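Morning, everyone. I have one structure to go through today, so let me put it on the screen.

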Amino acid sequence: CVELQQASTAHFASLQVSHGHKFRAQEWMARRFPEATQCGSGKDVVVFALDDPERVVAAMRRDGHARRFVHAATACHLRVARADAVAGAVVALYDGCASLAAAKLVVHFDRALKGSLLAALPERLALAPRGHSHCLTVEPVSSGGDVEGYYVGVCAARDEFATDDAVIASKRDGHAVSRAYFKLREAADVFGFGARLGDGARVVDVGAAPGGWSQLCLERGAALVAAVDPGALDASLLETYGGGALVHVRARVQESTAALAAVAAGGRFDACVCDANAHPAAALRLLAPAVCPLLRRGAALVLTLKQPTATNKHADGEFAEVLAALAEHGFAGPRIAWLWANGRHERTLGATSGSDATAYLTRYLRLTFGQNDLPDGLLSDSTTYPAAYLGPRPRGARTLSLIHISEPTRRYAISYAVFCLK
């Protein structure tokens with residue numbers, strides 16, 4: 001804990017991040033600390049004012065996803081405008097911390113400033129790079145080449161946060177077949193979909209190659225992953241899981257309807273994940289006919305929203321078409337997050353299937369035949385479906401008639417549809 005004999009009215013938290021991740025740091029702070037206000041920003045640092053900056057450092061230490069991209073988080077207690085005032089601020093914090101025995105002096109981004117500080121600080125200050133009890137940190141914040149201010153903080157050594165070698169190594173984790181692995185790992189935590197992506201779940205992975213998302217689900221205990229992609233999966237995945245829990249449907253999703261239906265004969269899917277390299281609305285249009293009828297009620301959807309032409313500040317306004325498509329296909333509660341593992345022009349969407357195949361077939365009938373007056377519930381939740389198409393018959397369902405309806409217009413790729421009606 002920081003023990004200052006005189007309370008300071010200025011409290012700040014600084015996050016060191018690369019310029020490309022600065023907006024994600026701002027979003028992370030807005031979600032977890034809505035009371036914080038941004039008060040400074042430089043090329044590789046962003047500073048927020050709030051009453052208890054130590055909470056920010058503690059939260060960053062616990063967030064395994066953010067830790068892979070934030071280089072340091074610092075609780076600061078004083079701000080000075082000029083470089084010649086920094087030494088006085090450091091001495092004030094040193095003297096105000098009753099439990100300080102020895103301190104490590106950390107100056108970010110400015111070696112010249114650190115050298116001048118070491119020369120200017122009184123010799124009575126016990127400064128030690130190792131074996132110290134506390135850290136004294138100076139955070140210069142500059143914009144356009146001009147220094148906006150210097151933020152100075154002190155913390156116990158055990159509360160210091162800086163990217164260590166283990167975290168740096170995790171960015172090059174050799175066991176993951178692709179960097180996309182970390183994207184789904186973070187999305188599962190953000191959206192609370194962990195159980196539906198592992199623990200005996202059945203998952204369909206659209207745009208799977210080389211297999212990062214399939215790998216994560218399988219490692220978390222998924223009973224089956226249907227990986228849909230005409231490209232090759234990583235050889236290590238096939239060697240470990242091929243012929244068992246991993247089924248590679250080597251085709252484009254719009255050509256995989258029959259293959260996925262055969263896989264779903266053993267039970268509908270608990271989740272659909274899609275990291276396909278396509279516009280998100282187009283990806284939804286392609287996967288919906290093949291995948292949506294095979295999802296359980298409450299199934300999870302994780303979809304990467306790829307916006308190669310959108311800017312960071314305005315990308316969120318480009319997703320109206322995607323949200324409309326989600327509603328059309330019965331998904332509820334969509335949430336969009338800018339994950340740390342996302343690219344600069346990516347977001348990740350999570351949603352839940354709010355309807356089963358019954359509702360989907362109702363919409364399909366209306367769209368195909370123009371029967372807008374088709375009453376809701378004509379295809380009820382108790383309806384059964386051919387096992388080869390939609391899985392096993394629900395327990396307790398009544399005997400129904402199968403009606404084969406031809407499509408004279410052939411507006412869609414398939415040539416017929418089978419509906420089960422009361």
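I'll start with the charged pairs. The count comes to 14 salt bridges, and please keep in mind that this is a predicted model. As a reminder, side chains of opposite charge can pair when their charged atoms come close.

Take E35 and R55 as one case. Their closest N and O atoms are 2.6 Å apart, and the two form a salt bridge. E35 sits in the loop between α1, residues 22-32, and β2, residues 37-41, while R55 belongs to helix α2, residues 53-62, so this pair ties together parts that are 20 residues apart in sequence. How accessible is E35? E35 has a relative accessible area of 43%, so it counts as partly exposed. R55 is partly exposed as well, at 37% relative accessibility.

R55 has another partner. D52 also forms a salt bridge with R55, with 3.6 Å between the closest N and O atoms. D52 is at 31% relative accessibility, which again means partly exposed.

Now to R285 and E321. Their side chains meet in a salt bridge at 3.1 Å, N to O. R285 lies in helix α11 and E321 in helix α12, residues 320-328, so here the parts tied together are 36 residues apart in sequence. E321 is partly exposed, with a relative accessible area of 44%. Last on this topic, there is a network of salt bridges that links K183, D275, K306 and E346.

Next, the overall numbers. The chain has 422 residues, and 50% of them count as buried. It contains 14 helices and 18 strands. Among contacts with a separation of 6 or more, 66% are between residues 24 or more positions apart. The exposed area of the chain is about 19300 Å², and carbon and sulfur atoms supply 53% of that.

On to the sheet. What is the strand order in the open sheet of 7 strands? The order is β12-β11-β10-β13-β14-β16-β15, with mixed pairing. β12, residues 246-249, and β15, residues 331-337, are at the edges; each has a single partner strand, so one side of each is left without a neighbour in the sheet. From one strand to the next, the twist averages 15°.

Within this sheet, β10, residues 202-206, and β13, residues 269-274, run parallel and are joined by 4 bridges. V204 stands opposite C272 in β13. Please remember those two residues for the core.

Two helices lie across these strands. Helix α8, residues 212-219, lies across β10, β11, β12, β13 and β14, and runs at about 175° to β11. Helix α11, residues 280-291, lies across β10, β13 and β14, at about 155° to β14.

That brings me to the nonpolar cores. Which members of the largest core, with its 35 residues, touch the most other members? They are V204, L260, F269, C272 and V291. At least two residues each come from β10, β11, α10, β13, α11, β14, α12 and β16. α11 gives the largest share, 7 residues. Looking at C272 on its own, and leaving out residues up to four places away in sequence, it touches V204, V206, L287, V291, L295, A300, L301 and V302. There is also a second, separate core of 31 residues, and it includes F182, F193, L246 and A271.

Two smaller items remain. One is the pairing of β2 with β3, residues 45-49, which is antiparallel and runs over 4 bridges. Q38 has F48 in β3 as its bridge partner. The two strands form a hairpin, with 3 residues between them.

The other item is T137. T137 is in strand β7, residues 134-143. Is T137 buried or exposed? Its relative accessible area is 7%, and the cut-off for buried is under 20%, so T137 is buried. Apart from neighbours within four places in sequence, T137 is in contact with T74, V106, H108, Y151, V152 and G153.

That is what I have. I'll take questions now.

Note on methods
Residues are numbered from 1 along each chain as its sequence is written. This is a predicted model: local features need pLDDT of at least 70, side-chain atom pairs count only at pLDDT 80 or more; totals for chains, interfaces and linings use all residues. Side-chain values use heavy atoms; hydrogens and water are left out. Buried means under 20% relative accessible area, exposed over 50%, partly exposed in between (1.4 Å probe, protein chains only). Contact means heavy atoms within 4.5 Å. Accessible areas come from the Shrake-Rupley method with a 1.4 Å probe; for residues, only the protein chains shown count as cover. Two strands pair if DSSP finds at least two bridges between them. Axes are lines fitted to C-alpha atoms, for helices over the stretch in contact, and angles run from 0 to 180 degrees between N-to-C directions. A salt bridge is a side-chain nitrogen of Lys or Arg within 4 Å of a carboxyl oxygen of Asp or Glu. A nonpolar core is a set of buried Ala, Val, Leu, Ile, Met, Phe, Trp, Tyr and Cys residues joined through side-chain atoms within 4.5 Å.
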